Each structure stands twice: as structure tokens, then as C-alpha cells.
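Reader: Please take one part of this model and go through it closely. I would like the charged and aromatic side-chain pairs, with the cut-offs behind each term.

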Amino acid sequence: MTLKEINIRYKEYGSIGELPEDDRKLALEAVKATENSYSPYSGFHVGAALRLSNGKTVCGSNQENIAYPSGLCAERTAMFHASHSYPDAAIEAIAIAASQNGKICEEPASPCGACRQVMAEYQTRSGHDMRIILAGTGKVLVFEKVDDILPFIFDSLK
Ligand code: THU
């Protein structure tokens, strides 16, 4: 038996304002996208903004349903929209923000496992690292690629 360890490197900023310009703009788009969330059941409004290699920005928000599993997270809403509209463009970065009771959350929202798997798929498809920006008002976390938030990615079919 060998005991192994994985180290994950990420950057932590004190606020959205401290981010480099491109990331800051994307994080603010994610904040804006929370306003179009349809989340009457959870009251948790999530926004996602994608920076594509063709220069476009694509946004999404969580869309809920009275039959709970029929809804979709903000991240996948945005990624599926981007893949449909611009199938040849890489997703260079994704920013995520959330709000509750009319205020952007202090603590950054972290993508669920299903969204991480979908991020992994598009990162592999494009061959381009996908930067992940988790934006809160109290702190912002930046990861360079999906592998950093999803170690041991399922890719056995490749
Ligand atoms: N949600 C997202 O949209 N993204 C995440 O990263 C976590 C959770 C949504 C799903 C549901 O509409 C609500 O937040 C509460 O779980």
C-alpha cells in the first residue's frame, strides 16, 4: 500500500473588485445573471457566465420546476446554451455567483458534481483549460482548470 496525496492549487481574492479585469467582468456578468434565475422553490438564485474563445459571453441561471428534478443548475443552463449556439468555441472561463434574499452571497457557491462532470466534458472536447471563478462578496476562489475541482474525472470511455 502506498499512501498518496493530491494537492489542489487555487487563488483566493478578498472581493470581486480585486480580480484581474477579464475575470472581474465575467464575475459581474454572473452576478447579473442571478437576476434571471427562476428559483421559487429554493429561493437560491444562481448565475453563471462563460467566456468563450470566440469572444462571446454566454450566461445562464438556475431554472427550477415544481417536479424538482426537472429543473437545471445555472452552470449547465449556460454551458448547454453555449455548446448549442457556438459548438466550435472553447469555454475559456466560467464564473458563478449566487444570491439569497436579495443579496449576493458572501460565501461563493460551489458547483454540484453533475455540473463539474459537464465542465469536464467540454474542457476535454475543446482541449482548452476551463478557468473557474467562484464569486462571493466575502471571497472569490479561482481554479485554473476543471481537474482542480474534480480529481479522478470519469473518462473511461476514451
Ligand atoms: N444550483 C445551481 O444552479 N448551481 C450550483 O452550483 C448549486 C445549486 C441550484 C439548483 C437549485 O435550483 C438551487 O440552486 C438550490 O439547490
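Author: What follows covers the salt bridges, then the aromatic pairs, then the nonpolar packing.

This is a predicted model, in which local features need pLDDT of at least 70 and side-chain atom pairs count only at pLDDT 80 or more, while totals for chains, interfaces and linings use all residues. Residues are numbered from 1 along each chain as its sequence is written, and side-chain values use heavy atoms, with hydrogens and water left out.

Side chains of opposite charge can pair when their charged atoms come close. A salt bridge here is a side-chain nitrogen of Lys or Arg within 4 Å of a carboxyl oxygen of Asp or Glu. The count by this rule is eight salt bridges. One of them joins Glu144 to Lys11, with the closest N and O atoms 3.5 Å apart. Because Glu144 lies in the segment after β7 and Lys11 in strand β1, this pair ties together parts that are 133 residues apart in sequence. Helices (H or I, at least four residues) and strands (E, at least two) are DSSP runs, numbered from the N terminus. Glu144 is partly exposed at 35% relative accessibility, and Lys11 is partly exposed at 39%. For these classes, buried means under 20% relative accessible area, exposed over 50%, and partly exposed in between (1.4 Å probe, protein chains only).

Within helix α1 (residues 21–33), Lys25 and Glu21 lie four residues apart, about one turn of the helix. Their side chains meet in a salt bridge of 3.4 Å, N to O. Glu21 counts as partly exposed, at 47% relative accessibility.

Asp23 forms a salt bridge with Arg131, the closest N and O atoms being 2.8 Å apart. Asp23 lies in helix α1 and Arg131 in strand β6, so this bridge ties together parts 108 residues apart in sequence. Asp23 is buried at 3% relative accessibility, and Arg131 is buried at 15%. Through shared partners, salt bridges join Lys11, Asp23, Arg51, Arg131 and Glu144 into one network.

The structure also holds two aromatic pairs. Rings of Phe, Tyr and Trp (its six-membered ring) pair if their centres lie within 6.5 Å; planes under 30 degrees apart count as stacked, over 60 as edge-to-face and the rest as tilted. Tyr10 and Phe143 are stacked, with ring centres 5.1 Å apart and planes at 25°. Tyr10 lies in the segment before β1 and Phe143 in strand β7, so the pair ties together parts that are 133 residues apart in sequence. Tyr10 is partly exposed at 44% relative accessibility, whereas Phe143 is buried at 8%. Tyr41 and Tyr68 form a tilted pair, with ring centres 5.8 Å apart and planes at 45°. Tyr41 is in the loop between α1 and β2, and Tyr68 in the loop between β3 (57–61) and α2, 27 residues apart. Tyr41 is partly exposed at 37%, and Tyr68 is exposed at 60%.

As for nonpolar packing, a core is a set of buried Ala, Val, Leu, Ile, Met, Phe, Trp, Tyr and Cys residues joined through side-chain atoms within 4.5 Å. The largest has 28 residues, of which Leu50, Ile94, Met119 and Ile132 touch the most other members. The elements giving two or more residues to this core are β2 (44–52), α2 (74–85), β4, α3 (113–126), β6 (131–135) and β7 (140–143).
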